[in-house]
Amino acid sequence: MATIEKRPYKKKTYRGRASYIDSYDSQGNPIYKRKDFTRPTAKEAKKAAEDFERIKAMGVDINKRNMLVADWLQEWWDSTCSRREREGKPYSSNTILSYTYPLKYLKETYGDLTLGKAENLPEKAEAALWYKTESVGTARTRRAVLNMALQEALFKKYISHNPLTRVKPFNTARRSAESIRTFEPHEIKQLFKLAEGTTIEHAVRIHLALGCRAGELLALRWTDIDWKDNVVHIRHSVNHITKQLSDTKNHKIRRVDVSPETLRQFQLQRESIPVQFIDDFVFPTNMGRMPMVTVYTFKLKVIYKKMGLKSEK
């Protein structure tokens, strides 16, 4: 049980004392030890002692709590890659690349913190710390990577709780219709012209016609197209973090009516695919696998840059 006392020879100083079981003797009786915490107020001293007792009772590794967040992120990533290789499911080069930049940012930003200090941050400080970024999508990706690493640290009892569980998922208010600038007719012509001859030539035209998300576009299969009724069914989306198919954002199947010109673009896309890959994804990779959102958006950004536009458009 934590106790506090005022230190008589020092003004405005309190000592919190934590008692915990360190080991057991030969007869099975517990051997207690104590640890003192000096704080400027009685409340802070008591909290420090109680937190230490709680951590010891949970069996948290005290030495690991002093590990830097940067060191733990690297250890977690190395062990994750090794485990995947042992299971015969190694990460692809695209997946490794998608983790590289978030890990680099996290290690640079939070690397001077220890795991123990990171878990004790106030909630408001956590929200400001974890989301120190200018892009909503980037913040969500970094949060997902950091959350996985901290959950692993919690499972191994390096920390007593995951601080991200106390922070609301990052979100922003919807932008008003006036703040969203759409493509001008001349920009669409320029976009189509720059996309000609590239691997996303037909994808760009179909993307604009459907008005769907990039993940939903890349998740399209040939069975989703109703050639007779000129309808495309949007059933799934490619998750850019897990690299797997998932439900759409609102978990609903959408029915989109398309023009004959859009169906012609689908037909041209079908003719450009090797015969052995023609029965699965509409936009497969060169190996016939599921396409990645990051690859498609990167190619779009290259075109946007040539047009002198921002990549968020």
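Reader: Which elements are included in what covers the buried residues of α11?
Author: This is a predicted model. In α11, the buried residues are Thr262, Leu263, Gln265, Phe266 and Gln269. They cover an arc of only 155° around the axis, which puts them on the same side of α11. The cover over these residues includes α9, β4 and β5.

Reader: Which exposed residues does the face of α11 turned away from its buried side carry?
Author: The buried side of α11 holds Thr262, Leu263, Gln265, Phe266 and Gln269. Turned away from that side is a face with exposed residues. These are Pro260 and Glu271.

Reader: How far apart are the end C-alpha atoms of α11?
Author: α11 has 12 residues. At 1.5 Å a residue, they should span 16 Å. The model agrees with that: the end C-alpha atoms are apart by 17 Å.

Reader: What is the order of the open sheet of 3 strands?
Author: Strands of a sheet pair through backbone hydrogen bonds, either parallel or antiparallel. Here the pairing is antiparallel. β4 and β8 stand at the edges, each with a single partner strand, so one side of each has no neighbour in the sheet. The order is β4-β5-β8.

Reader: What is the bridge partner of Ile234 in β8?
Author: β5 and β8 pair over 4 bridges, in the antiparallel sense. Ile234 has its bridge partner in β8. That partner is Arg254.

Reader: Is Asp224 buried or exposed?
Author: Asp224 sits in the loop between α10 and β4. Its contacts, not counting residues up to four places away in sequence, are Ala219, Val231, Val232, His233 and Arg235. The relative accessible area of Asp224 is 6%. The cut-off for this class is under 20%, so Asp224 is buried.

Reader: Which residue in the loop between β4 and β5 has a positive phi?
Author: The residue is not a glycine, and its phi is near 55°. At 23% relative accessibility, it counts as partly exposed. The residue in this loop is Asn230.

Reader: What is the relative accessible area of His251?
Author: His251 lies in the loop between β7 and β8. Its phi is positive, near 60°, in a residue other than glycine. His251 is exposed, with a relative accessible area of 62%.

Reader: Why do the buried residues of α12 line one face of the helix?
Author: An α-helix has 3.6 residues a turn, so residues three or four places apart point the same way. The buried residues of α12 are Val293, Tyr296, Leu300, Ile303, Tyr304 and Met307. Seen down the axis of α12, they line one face because they fall within an arc of 105°.

Reader: What do the buried residues of α12 pack against?
Author: The face of α12 turned away from its buried side carries the exposed residues Phe298, Lys305 and Lys306. The buried residues of α12 have packing partners in several elements. These are α8, α9, α10 and β6.

Reader: Which residue follows α12?
Author: α12 spans residues 293-307. Its end C-alpha atoms are 21 Å apart, which agrees with the span expected for 15 residues. The residue that follows has a positive phi, near 80°. That residue is Gly308.

Reader: Where does the largest share of the largest nonpolar core come from?
Author: In soluble globular proteins, nonpolar side chains tend to be buried together. The largest nonpolar core here has 37 residues, and those with the most contacts inside it are Val204, Leu210, Leu217, Leu220, Phe266 and Tyr296. α8, α9, α10, β5, α11 and α12 each supply at least two residues of this core. The largest share, 6 residues, comes from α12.

Reader: How many residues has the second, separate core?
Author: Trp76, Tyr105, Ala118 and Tyr158 are included in this core. Tyr158 is found in the loop between α7 and α8, and at 10% relative accessibility Tyr158 counts as buried. The number of residues in the second core is 23.

Reader: How far apart in space are Tyr158 and Arg65?
Author: In sequence, Tyr158 and Arg65 are 93 residues apart. In space, C-alpha to C-alpha, the value is 5.7 Å.

Reader: What share of the 313 residues of the protein chain count as buried?
Author: The protein chain has 12 helices and 8 strands. It exposes about 19,700 Å², of which carbon and sulfur atoms supply 52%. The share of residues that count as buried is 37%.

Definitions and conventions. Residues numbered from 1 in each chain as written. Predicted model: local features only at pLDDT ≥ 70, side-chain atom pairs only at ≥ 80, totals over all residues. Heavy atoms only, no water. Expected span 1.5 Å × (residues − 1). Buried < 20%, exposed > 50% of the residue type's maximum accessible area, 1.4 Å probe, protein only. Arc of directions from axis to C-beta. Contact = heavy atoms within 4.5 Å. Core = buried A, V, L, I, M, F, W, Y, C linked by side-chain atoms within 4.5 Å. Areas by Shrake-Rupley, 256 points an atom, 1.4 Å probe, with all protein chains shown as cover. Pairing = 2+ DSSP bridges.
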